[in-house]
Amino acid sequence: MRSSSWLRFTVVLAARGVIAALVGVVFWGIAPLALGWHTTTVMTGSMQPTLLPGDVVVSKPVPAHDVRAGQVLLFPDPDHTGVLRLHRLQDVDAHGDLVTKGDANPEPDSTAVARSSVVGVGYLRVPLVGLPVVWAAEHRTVPLVALAAGIVVLAGFAVVPAVRTRTDSPTDRLPRHGRHRAARPRRARTRPRARARARARTVVVAATVCAVVGVALPAPAAAAAAAFAAATTTGTSSITTAVATPVTGLTCVNVGNAAADVGWAYSGVAPERFTVLVDGAASGISTAARARDVTLGASDFFVWKTSTISVRTDLTDTWTATSSSTVRITTIRLFGLGRTSCAR
């Protein structure tokens, strides 16, 4: 084999190896979602050197009583509405709440976390595969364009046959002089070419999936988007003294093809806000004191689950009452496409 053939073989094989590795990494970041686990992208350096910005962390849901000191927990950020935080459990305070701390932070987090609000415990780390999410959040277009161009180039090399197909027939190599038999008509070599085209299509599809998933991978965590995004805004009001009254009569109505509207009735003192609870845990979604409904639509890239929705009345941060009535919502999304609808 000539040196040019060896170079061709090496480049094509390396390109296919990189594409296969990328697909494998993305698979390990997505597959746990089928088990109901949570996949999030680390956005800050508060957990360095354990977790780096761009790492994807798979969190496994666990019972509240199984949470132990030293575990990395995923929970709604108590200081920033609508995002998740990924910090290590350091201690439990006198009230039974969880004291958390980022490995790179000098002090523990200022607000303790209720056990019931823990979304999951960090179980699997996929290094740096979520960097495109970090770049997009920071509006860094240069590395995003460079990554997309690199994937296109790799896909282009990967679809090239590793060994050049010989197109000449044995009769072409016979001596021009001397006795020889008449050359037989050439037969069209369609099978190898058809197989090569089929392999090329397969690699292109795999590369495309890898590029799409790599750029739009899981919702960010620490800070990470919550499982639902609300269409209402947060409002505040002041109170002096009152009794927290839970909302009643929760209803669910489908809105178009992609969202569900949860409504309720309320007759108590105007609270600071109403907070949406998903499976008993605060989702980070709040509404104004006058609101009597909230529209929910999933923001996950991959999800398939049914959740129980309740609403908590927050007179203050610690003076609350949760509704006894609930509704159920089913969310199905694949590659960012799908719907959220009321479960019957």
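This report describes a predicted model of one protein chain, from its overall make-up to single residues.

## Overall make-up

The chain has 344 residues, of which 37% are buried. Its secondary structure consists of four helices and 18 strands. Among contacts with a separation of 6 or more, 65% join residues that are 24 or more positions apart.

## The largest nonpolar core

In soluble globular proteins, nonpolar side chains tend to be buried together. The largest nonpolar core in this model has 21 residues, and the members that touch the most others are Val-262, Trp-264, Leu-296 and Ile-309. Six strands each supply at least two residues of this core: E10 (248-255), E11, E12, E14 (293-298), E15 and E17 (327-334).

Trp-264 has contacts in several parts of the sequence. Leaving aside neighbours within four places, Trp-264 is in contact with Val-247, Thr-248, Gly-249 and Leu-250, with Phe-274 and Thr-287, with Ala-291, Arg-292, Asp-293 and Val-294, and with Val-311.

## Asp-261 and Val-294

Asp-261 belongs to strand E11 (residues 259-265). Its relative accessibility is 16%, so Asp-261 counts as buried, the limit being under 20%. The side chain of Asp-261 makes a polar contact with the side chain of Thr-295, at 3.0 Å. Beyond neighbours within four places in sequence, Asp-261 is in contact with Thr-251, Cys-252, Val-253 and Val-255, and also with Asp-293, Val-294 and Thr-295.

Val-294 is found in strand E14. With a relative accessible area of 1%, Val-294 is buried. Val-294 and Asp-261 are 33 residues apart along the chain, and their C-alpha atoms are separated by 5.7 Å.

## Ser-323

Ser-323 sits in the loop between strand E16 (320-322) and E17. This loop residue is buried, because its relative accessible area is 6%. The side chain of Ser-323 reaches the backbone oxygen of Ser-325 at 3.1 Å. Not counting residues up to four places away in sequence, Ser-323 touches Pro-246, Val-247, Leu-250, Ser-310 and Val-311.

## The largest pocket

The largest pocket holds about 870 Å³ of space. It is lined by 30 residues, and those closest to its centre are Pro-78, Arg-273, Ala-282, Arg-312 and Asp-317. By class, the lining has 14 polar, nine nonpolar and seven charged residues.

Strands E12 (273-278), E13 (281-287) and E15 (303-314) each supply at least two residues of the lining. The most comes from E13, which gives four residues. Strands E12 and E15 contribute to the pocket lining and also to the largest nonpolar core.

## Backbone exceptions

Most residues other than glycine have a negative phi, and most peptide bonds are trans. Three places in this model depart from that pattern. The peptide bond from Gln-48 to Pro-49 is cis, with omega near 0°. Pro-49 lies in the loop between strand E1 (38-42) and strand E2 (56-60).

Leu-128 has a positive phi, near 60°. This residue is in the loop between strand E6 (120-126) and helix H2 (131-137), and its relative accessible area of 41% makes it partly exposed. His-139 also has a positive phi, near 60°. His-139 lies in the loop between H2 and helix H3 (141-158), and at 69% relative accessibility it counts as exposed.

Definitions and conventions: Residues are numbered from 1 along each chain as its sequence is written. This is a predicted model: local features need pLDDT of at least 70, side-chain atom pairs count only at pLDDT 80 or more; totals for chains, interfaces and linings use all residues. Side-chain values use heavy atoms; hydrogens and water are left out. On a 1 Å grid over the protein atoms alone, a cavity is a set of points where a 1.4 Å probe fits but cannot get out, and a pocket is an open set with protein on both sides within 12 Å along at least five of seven lines; lining residues have an atom within 4 Å of a point. Grid points are joined across faces, edges and corners, and a volume is the space filled by probe spheres set on the points. Ala, Val, Leu, Ile, Met, Phe, Trp, Tyr, Cys and Pro count as nonpolar, Asp, Glu, Lys and Arg as charged, and the others, Gly among them, as polar. Buried means under 20% relative accessible area, exposed over 50%, partly exposed in between (1.4 Å probe, protein chains only). A polar contact is a pair of N or O atoms within 3.5 Å; within protein, one must be able to donate a hydrogen and the other to accept it, and residues adjacent in sequence count only if both atoms are side-chain atoms. Contact means heavy atoms within 4.5 Å. A nonpolar core is a set of buried Ala, Val, Leu, Ile, Met, Phe, Trp, Tyr and Cys residues joined through side-chain atoms within 4.5 Å.
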